[in-house]
Amino acid sequence: MLNGQVALITGAAHPAGIGFAIARTLLAAGAAVTIVDLGQEACDAAARSLTAALSEKGTRHEPPLAMAADVRDRAALESVVAKTVERFGGLDVLVSNAGIAQPRKIMDISDEDWSATLDINLRGMLNLTQAALPHLADSGRIVAIASIAAQRGGGLLGGPHYAASKGGVLSLAKSMAREFGPRGIRVNCVNPGVIITGMNATAFDDATRQRLLDQIPLGRFGTPQDVADVCLFLASAQSGYLTGTAIDINGGMHIH
Ligand code: NAD
């Protein structure tokens, strides 16, 4: 689905995370991939493990480019984009995935909490887009990971500031879809429900786990692969007439 395409994914180094699954899935679909995360060592390890996983399956792929960058730092992202274009000859797909979630109630949100959450989850998407846009192909696709928290007012793991940051992602994506549409660049989001990753693997006690499962018609939590498969669709020509949308990936937990 993505032969000859180049994709850049933020927050992709954690082997149990959504970004890593997206990187693996886009690589397997034929894309050349740049993975970005905090810490060069983690990025290198992720690239090695992606290569090992795909080689084991006999999937031919370009070795991923692994680069450390904080999504709060636009200049660092500009370097990542420049290196990506130099290595792979272009840039077609951006996946804005890096994010943090903090459980808080309104009165407990400190200035530092607010800034970190908004700067990573929302400004990070703006930074990535501003860094990449001059190089993004005219048929480019931007996929942003929002959240069910934006739709239902948090209440799962992330606090109100997390929900607000993801609501901002949904709004920013709609504006980008309008602005970039004439260039053929499509911008879409996904709203994952409860996906078991490093972010929440140990966050729920047994009672909470069961209470959440009882709210999910499909009767299970999501996997990173559930999210990656939808991101592949949004990154591919198969979603060619979709822009400014958001796809829910929640097993029916929030039907609206
Ligand atoms: P995760 O913690 O495994 O992955 C997040 C990644 O982002 C990590 O690798 C982390 O190092 C990286 N990161 C954090 N701050 C960064 C920064 N400043 N610069 C660059 N990278 C940074 O969690 P995950 O569950 O895989 O989350 C991926 C995305 O999915 C996040 O945006 C999260 O909000 C969203 N999401 C997750 C769930 C869920 O249930 N897991 C639900 C809805 C949305």
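1. In this predicted model, helix α1 lies across five strands of the sheet, namely β1 (6-10), β2 (32-37), β4 (91-96), β5 (136-145) and β6, and α1 runs at about 170° to β1. Helix α2 also packs on the sheet, where α2 touches β2 and β3, and the direction of α2 makes about 165° with that of β3.

2. The sheet on which these helices rest is open and has seven strands, in the order β3-β2-β1-β4-β5-β6-β7, with parallel pairing. The edges are taken by β3 (65-68) and β7 (246-249), each of which has a single partner strand, so one side of each is left without a neighbour in the sheet. On average, and with direction ignored, neighbouring strands of this sheet are turned by 20° against each other.

3. At the β7 edge, strand β6 (residues 186-192) runs parallel to β7 and is joined to β7 by four bridges. Within this pairing, Cys189 has Ala246 in β7 as its bridge partner.

4. Turning to the helix pairs, α1 (residues 18-28) and α2 (residues 40-56) pack with their axes 11 Å apart and at an angle of about 45°. Because an angle between the limits of 35 and 65 degrees counts as oblique, α1 and α2 are oblique to each other, and α1 passes α2 in a right-handed crossing. On the α1 side the meeting residues are Phe20, Ala23, Arg24, Leu27 and Ala28, while α2 contributes Ala46, Leu50, Ala53 and Leu54. Sorted by class, this contact of α1 with α2 has eight nonpolar residues, no polar residues and one charged residue.

5. Helix α1 also packs with helix α8 (residues 224-235): the two axes come within 8 Å and cross at roughly 50°, which makes α1 oblique to α8. This crossing of α1 and α8 is right-handed. From α1 the contact draws on Ile18, Phe20, Ala21, Ile22, Thr25 and Leu26, and from α8 on Pro224, Gln225, Val227, Ala228, Asp229, Cys231, Leu232 and Ala235. The contact of α1 with α8 has 11 nonpolar, two polar and one charged residues. A reader comparing the two lists may note that Phe20 appears in the contact of α1 with α2 and also in the contact of α1 with α8.

6. A further pair is formed by helix α4 (residues 111-132) and helix α6 (residues 160-180), whose axes come within 9 Å and cross at roughly 15°. The two helices are therefore roughly parallel to each other, and α4 passes α6 in a right-handed crossing. The residues that make this contact are Asp113, Trp114, Thr117, Leu118, Asn121, Leu122, Met125, Leu126 and Thr129 of α4, together with His161, Tyr162, Ser165, Lys166, Gly168, Val169, Leu172 and Met176 of α6. By class, the residues of the contact of α4 with α6 divide into nine nonpolar, six polar and two charged.

7. As for the ligand, 27 residues surround it, and the closest of them are Gly11, Gly17, Ala98, Gly99 and Thr197. The shell around the ligand is made up, by class, of 13 nonpolar, 11 polar and three charged residues.

Key: Residues numbered from 1 in each chain as written. Predicted model: local features only at pLDDT ≥ 70, side-chain atom pairs only at ≥ 80, totals over all residues. Axes fitted to C-alpha atoms, helices over the stretch in contact; angles between N-to-C directions. Parallel < 35°, antiparallel > 145°, perpendicular 65-115°, else oblique. Left-handed = near helix turned anticlockwise from the far one by under 90°. Contact = placed C-beta atoms within 7 Å. Nonpolar A, V, L, I, M, F, W, Y, C, P; charged D, E, K, R; others polar. Pairing = 2+ DSSP bridges. Near = placed C-beta within 6 Å.
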